[in-house]
2 protein chains.
Amino acid sequence: MDAVAQERPEGPAMELVHLLRAVTVEFDLLGAEFAARHGLHPTDLRALIHLLDAARAGETVTPGRLGAALRLNSAGTTGLVDRLERLGLVARSRDERDRRRVLLTVDEKAVGLGWSFFGPVIGALVGAADGFDESELATVRRYLTAALAAAAGARESAG
Amino acid sequence: MDAVAQERPEGPAMELVHLLRAVTVEFDLLGAEFAARHGLHPTDLRALIHLLDAARAGETVTPGRLGAALRLNSAGTTGLVDRLERLGLVARSRDERDRRRVLLTVDEKAVGLGWSFFGPVIGALVGAADGFDESELATVRRYLTAALAAAAGARESAG
DNA sequence: CCAATTCTCTCGCTGAACGAGAGAATAACC
DNA sequence: GGTTATTCTCTCGTTCAGCGAGAGAATTGG
């Protein structure tokens, strides 16, 4: 957001905006490199994350839900699931209760892959929290919560 | 990073990891929606951001530098610049000092577009900083700086 | 039951990005 | 100073992710 800051007053709040963008960029690069290293597309990684999150939350995922979450149309979603299936990360199975549906189940391999991606980052980030006491971490959490709401709000009003 | 948290102890630090990822996702969605709304590809938006940052820093950008920053090969970079030129966002001009080079100059239109993207987000984020006093903002800045370093470190050691 | 709905998948297509390499300008070396 | 090596950019042909349209199965509602 430097690009536009030239017309803006600088200040503590702007500094945080810059930092947040930098963190976002860094995360994106990290994901992109991980994906490339494992022969995945960025979309595949996003799908993997979504599937693992859903699995953890105990939710069943169908191609339709996955596609909606990733903003893909049905054709693209089919291609994505084909790809993930070919990589041995997910398996398709018919939902016997509503036989129009296909259920996606994540393989152990996917969990391992997810761990190998997130593990190091999480470790580093948790380590970054060392040197902050409880109340400081609470302050950070409060700020990030507000920033998240702000970004979501900006997206809604702009979109 | 929920996906992996099932095997991890929860705690204040993990909460922040979740929040950071949520903010990243939100920013990505925001960028994707803005891009789609203006007939841009995600790559185009990233290029625009890079060009505006460089312009602000007073640096000259060539197709080669831009492609390297976005991790594109030369063919893809040519296509990208063609696209941006067709959209009237940048112009190509020969560097008279090293006539192998092409210099990219950003049009006013690009600056306006950048502003229309960043303006609302920045405003919302600065607003999110209300309700925090100076020392609290300093704490947040210290944390984000550490998190940035952690992410960069994770990328380096994993990459 | 017949119609409307809800899922998923197939087909054909567009276009972003890749690999390989050509072309033009500059720098380096003998 | 002329030949060779290097540095940029762009062209060509290809691959493949994602789109639009719509077909095919299963379910739900009147």
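A residue is near a molecule or strand if one of its heavy atoms lies within 4 Å of it. By this rule 21 residues surround DNA strand D, and A:His41, A:Thr43, A:Ala75, B:Gly64 and B:Ser74 come nearest. Of the DNA strand D atoms within 4 Å of the protein, 66% belong to sugar and phosphate.

This is a predicted model, in which local features need pLDDT of at least 70 and side-chain atom pairs count only at pLDDT 80 or more, while totals for chains, interfaces and linings use all residues. Residues are numbered from 1 along each chain as its sequence is written, chains are lettered from A and ligands numbered from 1 in the order in which they are written, and side-chain values use heavy atoms, without hydrogens and water.

Two contacts to DNA strand D involve phosphate oxygens: a side-chain N or O atom of A:His41 is 2.7 Å from one, and a backbone N or O atom of B:Gly64 lies 2.7 Å from one. B:Arg100 places a side-chain N or O atom 3.1 Å from a sugar or linking oxygen of DNA strand D. By class, the surface near this strand has five nonpolar, eight polar and eight charged residues (Ala, Val, Leu, Ile, Met, Phe, Trp, Tyr, Cys and Pro count as nonpolar, Asp, Glu, Lys and Arg as charged, the others, Gly among them, as polar).

The protein chains also meet each other: 67 residues of chain A are in contact (heavy atoms within 4.5 Å) with 67 residues of chain B. Between chain A and chain B there are twelve salt bridges (a side-chain nitrogen of Lys or Arg within 4 Å of a carboxyl oxygen of Asp or Glu). A:Glu33 and B:Arg155 form a salt bridge at 3.2 Å, N to O.

Note on methods: A polar contact is a pair of N or O atoms within 3.5 Å; within protein, one must be able to donate a hydrogen and the other to accept it, and residues adjacent in sequence count only if both atoms are side-chain atoms.
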